[in-house]
Amino acid sequence: MKIEKYVVGMISTNCYLVINEETKDTVMVDPGAYPEKLKNVVKEQGLKLKAVLLTHAHFDHIYYLPEYRDAFRAAKIVIHENDNDL
């Protein structure tokens, strides 16, 4: 397993890709602004994004979710039920 950290957006949001190096199955944790960068990383490395995991529902993590959803239709979006309404 490999974890890659990316700092994205104007407020330097920490985003992580948790990658199974054998299968390329990947979970993205707390994506931020400038989704093109992260989408390109996933595509260039041939990763299979299985889920986007949100540790909390701050704007910097949820604002671009529609772009990730549209790019990776098979990926689930996961957030704690207390933040689900946000």
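Tutor: Two strands pair if DSSP finds at least two bridges between them. Strands (E, at least two residues) and helices (H or I, at least four) are DSSP runs, numbered from the N terminus. This is a predicted model: local features need pLDDT of at least 70, side-chain atom pairs count only at pLDDT 80 or more, and totals for chains, interfaces and linings use all residues. Residues are numbered from 1 along each chain as its sequence is written, and side-chain values use heavy atoms, without hydrogens and water.

Student: How many bridges join E2 to E3?

Tutor: E2 and E3 run antiparallel. Leu17 of E2 has Met28 in E3 as its bridge partner. The bridges joining these two strands number four.

Student: Which residue in the hairpin of E2 and E3 takes a positive phi?

Tutor: Five residues lie between the two strands. The phi in question is near 70°. The residue is Lys24.

Student: In E2, what is the bridge partner of Tyr6?

Tutor: E1 and E2 pair in the antiparallel sense over seven bridges. They form a hairpin, with four residues between them. The partner of Tyr6 in E2 is Cys15.

Student: Along E2, is the face with Thr13, Cys15, Leu17 and Ile19 buried or not?

Tutor: Side chains alternate along E2. Asn14, Tyr16 and Val18 point to the other face and are not buried (buried is under 20% relative accessible area, exposed over 50%, partly exposed in between; 1.4 Å probe, protein chains only). The face with Thr13, Cys15, Leu17 and Ile19 is buried.

Student: In what order do the five strands form the sheet?

Tutor: The sheet is open, and its pairing is mixed. E4 and E5 pair in the parallel sense. The edge strands are E1 and E5. The order is E1-E2-E3-E4-E5.
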